[in-house]
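Trainee: Got a minute to walk me through this one? I'd like to start with the sheet and then move on to the domains.

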Amino acid sequence: MTEGWIKAKVINRKMLTDNIIELTIETYTEVKVVPGQWALFTFEDEQWPFQRCYSIVDQDTDNERTMLIFSIKLLDDGRWSASIKNIHIGSEVTIKWVFGTFVVQNTQLPKVFIWTGIGVAPLLNMAKYCTTKKQLFFSVSYKNDLFYEDRIKKIHDLDANIYLSREDISGYPSWTYIPWRMDIDKEHFDPDTEFYLCWKPEIVEDIVWKLTLLWYKRIYSEKY
Ligand SMILES: Cc1cc2nc3c(=O)[nH]c(=O)nc-3n(C[C@H](O)[C@H](O)[C@H](O)COP(=O)(O)OP(=O)(O)OC[C@H]3O[C@@H](n4cnc5c(N)ncnc54)[C@H](O)[C@@H]3O)c2cc1C
């Protein structure tokens, strides 16, 4: 094992939806995390060692051990997605480092967090610990694709807008979900608002383009 790498034990593993798994690990030494950062995991399968980045959903340090939570989308033909089937509670995992510059700006300006699907991970962490005026826009297709609703609701003073673009929402109270696709360019924000986006490159680029056309200047994004 290379010196300096972070060893950890898996302490929880559960499915959040049909294809998103939540992994909770506990390191043996304290790890400092700035909300928005990611961990570089190193793993080995029958071919050779390989590495993957995963954003940290939340963290907590107690007694010099740090608990880190990750949410990971399982891909049918993904290499890590296949390897994760061999990771169980009690398994040991290795992280090379915790890193990332996609973090909340240290300002008092209003913040808007926009994500779809698995882009939730860094933004949920940022939204939880940010103390300015904050809004969230989260979009998935169906109610079954929705996860972390409980975590979203627990974030203090967060104005949360949850879109279910293809679900029939007539059976739900009117304040819970918004139908159809998220149209961020129809919303009105303070001109100094900071926007934080995370998800697939094509989706992020489309939203950045719409916001830029509306003359918003403070747009920060992570694509994966
Ligand atoms: C900073 C950062 C943070 C991230 N955070 C998260 C996170 O919080 N949650 C999360 O789920 N993901 C996250 N990711 C993405 C993650 O690192 C992995 O890329 C993702 O999980 C896929 O890994 P995999 O090994 O399962 O799939 P891979 O084996 O890497 O495959 C990925 C895709 O490429 C295709 N592919 C593989 N090999 C080939 C080939 N030879 N030819 C053509 N296509 C091929 C596969 O079909 C698959 O669709 C993050 C990425 C970055 C950069």
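Mentor: Sure: six strands make an open sheet here, ordered 11-10-9-8-12-13, with parallel pairing. Strands are DSSP runs of E with at least two residues and helices are H or I runs of at least four, numbered from the N terminus. Two strands count as paired if DSSP finds at least two bridges between them.

Trainee: Which are the edge strands?

Mentor: Strand 11 (178-179) and strand 13 (218-223), each of which pairs on one side only.

Trainee: Before I go on, what kind of model is this?

Mentor: This is a predicted model, where local features need pLDDT of at least 70 and side-chain atom pairs count only at pLDDT 80 or more, while totals for chains, interfaces and linings use all residues. Residues are numbered from 1 along each chain as its sequence is written.

Trainee: Back to the sheet, then. How many bridges join strand 8 to strand 12?

Mentor: Five, with strand 8 (residues 111-116) and strand 12 (residues 194-199) running parallel. Ile114 has Leu197 in strand 12 as its bridge partner.

Trainee: And which strands does helix 2 touch?

Mentor: Helix 2 (residues 120-129) packs on the sheet against strand 8, strand 9 (134-140), strand 10 (158-164), strand 12 and strand 13. Its direction makes about 155° with that of strand 8; axes are lines fitted to C-alpha atoms, for helices over the stretch in contact, and angles run from 0 to 180 degrees between N-to-C directions. Helix 4 (residues 201-213) also packs on the sheet, touching strand 8, strand 12 and strand 13, and its direction makes about 175° with that of strand 13.

Trainee: New topic: what are the domains?

Mentor: Domain 1 is 6-99 and domain 2 is 111-223, with bounds from an automatic or database domain assignment. Their C-alpha centres lie 24 Å apart.

Trainee: How many residues are in contact there?

Mentor: 12 residues of domain 1 are in contact with 13 residues of domain 2, contact meaning C-beta atoms, placed from the backbone, within 7 Å. On the domain 1 side, strand 6 (residues 65-73) gives the most, with three residues.

Trainee: What does strand 6 pair with?

Mentor: Strand 2 (residues 20-27) is joined to strand 6 by seven bridges, antiparallel, and Leu23 stands opposite Phe70. Strand 5 (residues 58-62) is joined to strand 6 by five bridges, also antiparallel, with Thr61 opposite Thr66.

Trainee: Anything about the turn in that last hairpin?

Mentor: The hairpin of strand 5 and strand 6 has two residues between the strands, and Asn63 takes a positive phi near 55°.

Terms used. Contact = placed C-beta atoms within 7 Å.
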